[in-house]
Amino acid sequence: MKNKLLIGTLALGLFSSSCKDFLEEVPVAQASYSYYDTEKGMEDLIHSAYSELRWLANGEQSFTLNEYGTDEVRQAADGLNKHYDSYSSLLNPSDQGGFLHAMWTAYYRAINACNLGIEKVPGVTGGTGVLKDDAGKKIREAELKFLRAYYYFQLVQQFGAVPLPLKGTVGVQLEFERAPMPQVYEQIIADLTYASDNLPVNQSQWGRATKGAANHFLSKVYLTRGSAVKDQRGQKADDMDNAIKYAELVINSGAYKLEADYANLFPDTKDHAFTNERSSEFIFNVQFNNNLSLINNSFGNRIHLYWGMVYDTRPGMLRDLQNGRPFRRIRPTEFAFNLWDKANDSRFYKSFNWVYYSNNAASITKWTAANAPSPNLVGQPKWAVGDTAIFITPEKNVSAAAIDRAKYSYYPQNTWDLQTFPPVSKYFDPNRDNFQSEFGVRDFVAARLAETYLIAAEAYGRKGNYTKAAELVNIVRKRAGYKSTDKYPYIQRAKFDGVSDLKKSTENEMIITESYWDKDQAVEQYPASATSKNTRFIHFILNEKVREFYGEMQRWNELARTETLVERVKKANEFAAGSVQEFHQKRPIPLAHIERIWKNGAPLPKDQYASQQNPGY
C-alpha cells in the first residue's frame with residue numbers, strides 16, 4: 001500500500017453517500033454530532049473532504065467537462081455525451097448525462113464536510129496525533145480551507161456565480177441561492193491565503209495539501225480572476241502581481257523541480273511502465289490506492305479508458321493490460337496536431353502512443369502476391385509476436401499501395417478516423433488487476449511545476465514584460481527539447497521530420513526570445529483576432545499549454561478563463577464550430593438544483609427559475 005493519505009467518504013447531512021472505503025469510518029447517521037469533537041472523528045471528516053477529489057477521475061465526467069468542446073480534442077467513435085463537444089441543444093439545464101448535477105452534488109458535499117471541519121476543529125479534545133495541540137489544529141484547518149477553496153474554484157470556473165455556504169449543516173439546506181462571482185473569488189483567495197500561511201512545506205502523508213499547493217492555486221486563481229475582460233469576476237489591478245508573487249514562491253521554494261525528461265512524467269511509450277507518482281514536479285495529486293482488493297467503482301481512476309484507439313481487433317493483436325481497454329471517446333484535432341515543432345519538441349512523440357507490439361500469433365497478416373517484397377514470402381506472416389503490429393504516423397497523403405506494402409498495420413494521418421488515431425499515452429495503467437478491469441490505481445496529477453512556470457510567464461506577459469515571460473517559458477520549452485541521452489531514438493523524426501542526427505540535443509532550437517511574439521510564427525496557429533503582440537502572446541501561451549498539458553483535464557477551463565473559447569473552437573473543432581456561442585463559456589445550472597431552492601420560506605416559483613440560471617440557457 002502506498003505510504004500516503006488514504007481518503008474515504010462520510011454521509012454528510014445535505015447529501016448522502018453509500019460508498020465504503022478502506023477507512024473504518026462512522027457515518028453521520030450512525031454517530032452523534034459530537035463525534036467530530038474527537039480526534040478520530042475529525043480525521044474521518046477531513047478524509048471525507050479529500051475523497052471527493054476523486055470524483056473527477058472516476059468516470060467520463062473527466063474529459064466531458066474538461067476536454068470536450070475545446071480546440072485540442074474532438075469526439076471519437078463511442079460515448080453518450082457528445083453534446084458537450086458539439087454544444088448541441090442537449091447541453092441544457094436538464095443535464096442529460098447528469099455530469100453537471102453530479103459535480104454540483106459531489107463538490108457541495110465536500111464543501112459541507114470542509115465547513116463542518118472548520119467549525120469543529122478548534123474544539124477537538126483528547127488528541128494524541130496532529131490534533132493534540134493548537135499548531136496541529138491550524139494545519140488541519142488550513143487543509144480544510146485549501147480543499148474548500150479548491151472545490152469552489154472548480155465550481156466557479158464551470159458555472160460562474162454559485163452558492164457560497166460557509167457554515168456546515170447536518171440537515172437539508174433549502175435557501176441556496178447563488179453568490180456573485182467576485183464574492184466567490186474573494187472567499188477562494190481568503191481560504192488559500194490562510195492555507196498558504198499555515199500549511200507546512202511537507203506533510204508526513206503524501207497527498208495532503210502543502211504550502212506549495214496553496215501557493216500554486218493562489219497564483220492560478222489570481223491569474224484566472226485577472227484574465228477577465230468581459231466577465232465580471234471582481235478582477236483587480238494587482239491580480240497579475242499576485243499571480244507572479246505566489247508562482248515565484250513555489251518556483252523558488254526548492255521543494256519542486258522539473259523532471260529532466262518529459263517522458264518521466266508519464267508511462268513510457270514503449271512498455272508503459274510507471275513508478276513515478278512522487279515526481280519532484282508534482283505539487284498536488286489526487287490519491288488512488290494501489291491495493292487492488294480495495295478498488296471499486298467509487299474509488300478507481302478510470303481516465304485510462306477513454307483515450308485509446310481500437311487496437312485489440314486488429315491483426316496480430318489481443319486486448320492486454322499494457323495497452324488497456326479502448327473506449328475510444330476522444331481523439332486529437334488536426335489543429336492541435338499542427339502546434340508542435342515535431343522535429344525538435346519531444347512532447348509530440350512522448351505524449352502519444354505510436355506503436356503496438358504484436359501479442360497474438362493467430363491473427364497476424366500474411367503476405368500476398370500483390371504486396372510481398374519477394375515471391376518466397378507469399379503466404380508467410382508479415383511479422384512475429386513481439387514485432388510491431390500497428391504503426392501510427394503523422395504523415396499525410398500516403399498512398400493505399402504504400403500502406404498495403406508495409407510490414408505492419410500502417411496508419412498515417414490521412415487514414416485516421418473515429419476508431420483509429422494516436423492515443424494519449426499519459427494514462428496507461430498496467431497495474432490494474434486484470435485486462436478487463438475499468439478501475440485504475442494511478443494518482444491523478446492536479447498540479448505540477450511546469451504549470452506554475454507558465455502561470456508566472458503569462459502574468460509577466462500580461463504586464464508587458466515579455467523578456468521575463470520568455471525566460472520562464474524557455475525553462476519549460478528547454479526541458480521539452482530532445483536530449484542526447486533520450487532513451488529512444490524516435491525514428492519517426494528521421495522518417496517524417498527530416499532529422500539526420502537522432503542523438504543531437506534540440507534544447508537550443510526550443511528557445512525563443514520576446515521578439516517571437518512580434519509576428520506570426522510558422523509553428524503557431526492564431527485566430528484571426530491575434531493581430532497585436534499581446535494577443536499573439538496570449539494565444540501562444542494557450543498553444544504552449546496544448547503542447548505541455550495535452551489531455552490533462554485543463555483545457556475547457558483555460559479557454560473559458562481567457563474568454564477565447566468561441567474563437568478557438570470555431571477554428572479547431574469541426575463538431576462545434578457552427579453551434580458554439582458566447583454563453584457557452586459557462587455551464588447551465590442544473591435544473592435539479594434550481595427545483596430544490598426555497599426562498600422566503602417557500603419553494604422558488606417557476607417564473608423565478610431564470611433568476612438562478614446562467615444567460616443563454
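Me: What polar contact distance joins the side chains of R140 and E143?
Reply: This is a predicted model, so keep that in mind for every value here. R140 is in helix α5, residues 134-159. The side chains of R140 and E143 are joined by a polar contact, and its length is 2.6 Å.

Me: Is R140 buried or exposed?
Reply: The cut-off for buried is under 20% relative accessible area. R140 comes out at 5%, so R140 is buried.

Me: Which residues does R140 touch, leaving out those up to four places away in sequence?
Reply: Start with a backbone distance: the C-alpha atoms of R140 and M42 are 9.2 Å apart, with their positions 98 residues apart along the chain. With neighbours up to four places away set aside, the residues R140 touches are E43, I46, V121, V130, L131, Q203 and R208.

Me: How many aromatic pairs does a search of the whole structure find?
Reply: Pairing needs ring centres within 6.5 Å. Searching the whole structure on that basis gives a total of 46.

Me: Why is the pair of Y150 and Y151 edge-to-face?
Reply: Planes over 60 degrees apart count as edge-to-face. The ring centres of Y150 and Y151 are 6.0 Å apart and the planes meet at 85°, so the label is edge-to-face.

Me: Are Y150 and Y151 buried or exposed?
Reply: Y150 has 9% relative accessibility, so Y150 counts as buried. Y151 has a relative accessible area of 0%, so Y151 is also buried.

Me: How many residues apart in sequence are the parts that the pair of Y516 and F540 ties together?
Reply: Y516 and F540 pair edge-to-face, 5.5 Å centre to centre with 65° between the planes. Y516 is in the loop between α14 (492-496) and α15 (533-549), while F540 is in helix α15, so the separation of the parts in sequence is 24 residues.

Me: What is the relative accessibility of F540?
Reply: Its partner Y516 is buried, with a relative accessible area of 11%. F540 counts as buried too, and its relative accessibility is 0%.

Me: Which residues do ring pairs link into a cluster?
Reply: Here you follow the ring pairs from residue to residue. The linked cluster is W307, F337, W340, F348, Y349, F352, W354, W416, Y427 and Y550.

Me: How far from the ring centre of Y482 is the charged end of R493?
Reply: There's a lysine case to look at as well: K145 lies over the face of Y194, 4.1 Å from the ring centre. For R493, the charged end sits over the ring of Y482, and the distance from the centre is 3.6 Å.

How values were computed. Residues numbered from 1 in each chain as written. Predicted model: local features only at pLDDT ≥ 70, side-chain atom pairs only at ≥ 80, totals over all residues. Heavy atoms only, no water. Phe/Tyr/Trp six-rings, centres within 6.5 Å; stacked < 30°, edge-to-face > 60°. Buried < 20%, exposed > 50% of the residue type's maximum accessible area, 1.4 Å probe, protein only. Helix = DSSP H or I, 4+ residues; strand = E, 2+ residues; numbered from the N terminus. Lys NZ or Arg CZ within 6 Å of the ring centre and 35° of its normal. Contact = heavy atoms within 4.5 Å. Polar contact = N/O pair within 3.5 Å; in protein donor to acceptor, adjacent residues only side chain to side chain.
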